[in-house]
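This report walks through a protein structure for a reader at the bench. Please keep the sequence and the coordinates at hand while reading.

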Amino acid sequence: MIEHIILTFLFLLRLSTPTQGSALTTAIAANERLCFYADVDKAGEKIGFYFAVQSGGSFDIDFDVKDPNEKVLLDGERERQGDYVFTANTVGEYSFCFENDMSTLTEKLIDFDIMVESEPRREAPAKAGQISEHTSALEESIFRLNGMLMNIKRTQKHFHTRDNRGFSIVQSTQNRLFWYAIFESLAIIGMAIFQVYVLQTFFTKTGRRYKV
């Protein structure tokens with residue numbers, strides 16, 4: 001019975017969706033446009049595209065996704081993050097571009113995934129009734145677990161993004177407080193020197209006035 005379940009599981013793994021993906025983190029300088037590419041071998045494949053701005057400015061970025069014919073499939077301005085899935089109807093190279101044109105000095109750090117996966121194709125068992133009784137229940141459980149794992153993955157990405165943004169905000173606040181403290185100290189020192197100079201000048205002029 002156990003061997004039968006294992007064979008069923010291996011059979012379903014052979015039917016599982018082949019996936020090609022990449023999880024990357026990249027920095028985009030001010031006024032820079034950076035593009036990444038993914039190849040689609042056959043029409044009808046699913047493309048998953050996720051991105052999130054981890055640090056820099058207001059945590060926003062411009063982006064666009066184009067098919068091999070340069071047709072814009074997705075685009076957005078000043079987006080903080082996005083999670084999209086669409087069908088590739090054209091075979092060829094798809095471009096995923098980020099543009100940091102709104103910033104003149106600030107660099108943006110972006111975490112993104114590009115995933116290309118084929119539609120699942122279910123084949124009939126080799127012999128009628130061989131694993132048909134167990135296939136449906138086990139297959140349903142596997143797809144349910146796959147959905148739960150995807151939800152957990154998205155939740156992890158969400159918390160990862162929040163953690164990076166929080167760290168970036170704290171770091172930026174610390175830098176501002178540091179330079180504010182430096183400026184305040186210099187201002188106090190300058191004011192003290194100015195007051196000493198004014199008092200010294202005042203008494204010197206007053207002393208000259210009473211000398212004769």
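## A nonpolar patch on the C-terminal helix

Ile 189 has its place in helix α2, which covers residues 132-211. The model described here is a predicted one, and every value below was computed from its atoms. Ile 189 counts as partly exposed because its relative accessible area is 49%, a value that lies between the 20% and 50% cut-offs for buried and exposed residues. Together with Phe 178, Trp 179, Ile 182, Leu 186 and Ile 193, Ile 189 forms a nonpolar patch on the surface, and the accessible area of these residues together is about 660 Å².

## Overall architecture

The secondary structure of the protein chain consists of two helices and eight strands, and along the sequence these elements follow the pattern α-β-β-β-β-β-β-β-β-α. Of the 212 residues in the protein chain, 26% are buried, while the chain exposes about 14900 Å², of which carbon and sulfur atoms supply 57%. Among the contacts with a separation of 6 or more, 79% are between residues 24 or more positions apart.

## The largest nonpolar core

Which residues touch the most other members of the largest nonpolar core? In this core of 22 residues, they are Ile 47, Phe 49, Phe 51, Phe 96, Phe 98 and Ile 110. The elements that give two or more residues to this core are β2 (33-40), β3 (45-55), β4 (61-66), β6 (81-88), β7 (92-99) and β8 (108-117).

Phe 51 can serve as an example of the surroundings of a core residue. When residues up to four places away in sequence are not counted, Phe 51 touches Ile 61, Phe 63, Tyr 84, Phe 98, Ile 110 and Phe 112, and also Glu 79, Arg 80, Gln 81, Gly 82 and Asp 111.

Leu 74 offers another view of how strands meet, since its place is in strand β5. Leaving aside neighbours within four places in sequence, Leu 74 is in contact with Phe 63, Asp 64, Val 65, Tyr 84 and Phe 86. The C-alpha atoms of Leu 74 and Phe 86 are separated by 9.5 Å, with the two residues 12 apart along the chain.

## Salt bridges

Side chains of opposite charge can pair when their charged atoms come close. A search of the whole structure finds five salt bridges. One of them joins the side chains of Arg 78 and Asp 60, with an N to O distance of 3.5 Å. This pair links distant parts of the chain, as Arg 78 lies in strand β5 (residues 72-79) and Asp 60 in the loop between β3 and β4, 18 residues apart. The two partners differ in their surroundings, for Arg 78 is exposed at a relative accessible area of 53%, whereas Asp 60 counts as buried at 8%.

Asp 60 also meets the side chain of Lys 108 in a salt bridge, at 3.1 Å from N to O. Here too the pair links distant parts of the chain, with Asp 60 in the loop between β3 and β4 and Lys 108 in strand β8, 48 residues apart. Both Asp 60 and Lys 108 are buried. Elsewhere, salt bridges that share partners join Arg 33, Asp 64 and Glu 99 into one network.

## Glu 70 and Asn 31

Lys 66 forms a salt bridge with Glu 70, and the closest N and O atoms of this pair are 3.9 Å apart. Glu 70 is found in the loop between β4 and β5, where its phi is near 65 degrees, a positive value in a residue other than glycine. Glu 70 counts as exposed because its relative accessibility is 55%.

Asn 31 likewise has a positive phi, near 60 degrees, although it is a residue other than glycine. Asn 31 is found in the loop between β1 (19-28) and β2, and at 47% relative accessibility Asn 31 counts as partly exposed.

## The disulfide

A disulfide is a covalent bond between the sulfur atoms of two cysteines. The count in this structure comes to one disulfide, formed by Cys 35 and Cys 97 with their sulfur atoms 2.0 Å apart. The torsion about the S-S bond of Cys 35 and Cys 97 is about 110 degrees, and the disulfide is therefore right-handed. The pair links distant parts of the chain, Cys 35 being in strand β2 and Cys 97 in strand β7, 62 residues apart.

Is each of these cysteines buried or partly exposed? Cys 35 is partly exposed, with a relative accessible area of 24%, whereas Cys 97 is buried, with a relative accessible area of 4%.

Note on methods. Residues are numbered from 1 along each chain as its sequence is written. This is a predicted model: local features need pLDDT of at least 70, side-chain atom pairs count only at pLDDT 80 or more; totals for chains, interfaces and linings use all residues. Side-chain values use heavy atoms; hydrogens and water are left out. Patches are made of residues with over 30% relative accessible area and no salt bridge: like charges are joined within 9 Å, nonpolar side chains (Val, Leu, Ile, Met, Phe, Trp, Tyr) within 5 Å. Accessible areas come from the Shrake-Rupley method with a 1.4 Å probe; for residues, only the protein chains shown count as cover. A salt bridge is a side-chain nitrogen of Lys or Arg within 4 Å of a carboxyl oxygen of Asp or Glu. Helices (H or I, at least four residues) and strands (E, at least two) are DSSP runs, numbered from the N terminus. Buried means under 20% relative accessible area, exposed over 50%, partly exposed in between (1.4 Å probe, protein chains only). A nonpolar core is a set of buried Ala, Val, Leu, Ile, Met, Phe, Trp, Tyr and Cys residues joined through side-chain atoms within 4.5 Å. Contact means heavy atoms within 4.5 Å. A disulfide is a pair of cysteine sulfur atoms within 2.5 Å.
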